[in-house]
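Student: Could you take me through one part of this model slowly? I would like a close look at one small stretch and how it fits with the rest.

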Amino acid sequence: EAAAASQAIRTESRWQADAQQLIFKYIQPLLGATDDPMARKALAMLLMKAMRRAIGDPRRRAKLPPEAVRTIESLAEPTS
């Protein structure tokens, strides 16, 4: 039972690392593709929206380091 749990943790960790690498692989060219500040701001806003959506899911939130959650929350746009 412990071996299966350990394997599940390793598999999930590998999946998370792969997902992060994939995200960076696609984000970096987008950020470098334009000097247009409005386009860069739009991309940043889309990323923040996706991150806020991720921390809104309790299962995903529980898997994130607390520092990451605090950072995402601190970057949230003020609602008017």
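Tutor: Happy to! A word on terms comes before anything else: a helix here is a DSSP run of H or I with at least four residues, and helices are numbered from the N terminus. With that in hand, we can look at R60, which sits in helix α3, covering residues 58-63. Please keep in mind that this is a predicted model.

Let us set the scene. The chain has four helices and zero strands, and reading along the sequence gives the pattern α-α-α-α. The C-alpha atoms fill a box of roughly 55 × 30 × 15 Å along the principal axes. The radius of gyration of the chain is 16 Å, whereas a compact globule of 80 residues would be near 12 Å. Of those 80 residues, 9% count as buried. The chain exposes about 6,800 Å², and carbon and sulfur atoms supply 62% of that area.

Now back to R60. Is it buried, exposed or in between? R60 has a relative accessible area of 49%, and because the exposed class begins over 50%, R60 counts as partly exposed. To get a feel for distance, take T34, which is 26 residues from R60 along the chain: the two C-alpha atoms are separated by 32 Å.

The next residues along bring us to salt bridges, of which the whole structure has two. In one of them, R59 pairs with D57, and their closest N and O atoms are 3.4 Å apart. These partners differ in their surroundings. R59 is exposed, at a relative accessible area of 64%. D57 has 16%, and since buried means under 20%, D57 counts as buried.

The other salt bridge joins the side chains of R61 and E73, at 2.5 Å from N to O. Why is this pair worth a look? R61 belongs to helix α3 and E73 to helix α4, so the salt bridge ties together parts that are twelve residues apart in sequence. R61 is partly exposed, with a relative accessible area of 32%. E73 is partly exposed too, at 40% relative accessibility.

Helix α3 also has a part in the largest pocket, so let us finish there. This pocket has a volume of about 930 Å³. The elements giving two or more residues to its lining are α1 (2-32), α2 (37-56), α3 and α4 (66-74). Helix α1 supplies the largest share, eight residues. The lining has 19 residues in total, and Q20, I23, M51, A54 and L64 lie nearest the centre of the pocket. By type, the lining divides into 13 nonpolar, two polar and four charged residues.

One of those central residues, M51, makes a good last stop. M51 is in helix α2 and is partly exposed, with a relative accessible area of 34%. Compare its position with that of K63, twelve residues away along the chain: the C-alpha atoms of M51 and K63 are separated by 13 Å.

To gather the threads, R60 is a partly exposed residue of helix α3. Of the residues we met beside R60 in the numbering, R59 pairs with D57 and R61 pairs with E73. Helix α3 is also among the elements that give two or more residues to the lining of the largest pocket.

Notes: Residues are numbered from 1 along each chain as its sequence is written. This is a predicted model: local features need pLDDT of at least 70, side-chain atom pairs count only at pLDDT 80 or more; totals for chains, interfaces and linings use all residues. Side-chain values use heavy atoms; hydrogens and water are left out. Buried means under 20% relative accessible area, exposed over 50%, partly exposed in between (1.4 Å probe, protein chains only). On a 1 Å grid over the protein atoms alone, a cavity is a set of points where a 1.4 Å probe fits but cannot get out, and a pocket is an open set with protein on both sides within 12 Å along at least five of seven lines; lining residues have an atom within 4 Å of a point. Grid points are joined across faces, edges and corners, and a volume is the space filled by probe spheres set on the points. Ala, Val, Leu, Ile, Met, Phe, Trp, Tyr, Cys and Pro count as nonpolar, Asp, Glu, Lys and Arg as charged, and the others, Gly among them, as polar. The radius of gyration is taken over C-alpha atoms; the globule rule is 2.2 Å times the number of residues to the power 0.38. Accessible areas come from the Shrake-Rupley method with a 1.4 Å probe; for residues, only the protein chains shown count as cover. A salt bridge is a side-chain nitrogen of Lys or Arg within 4 Å of a carboxyl oxygen of Asp or Glu.
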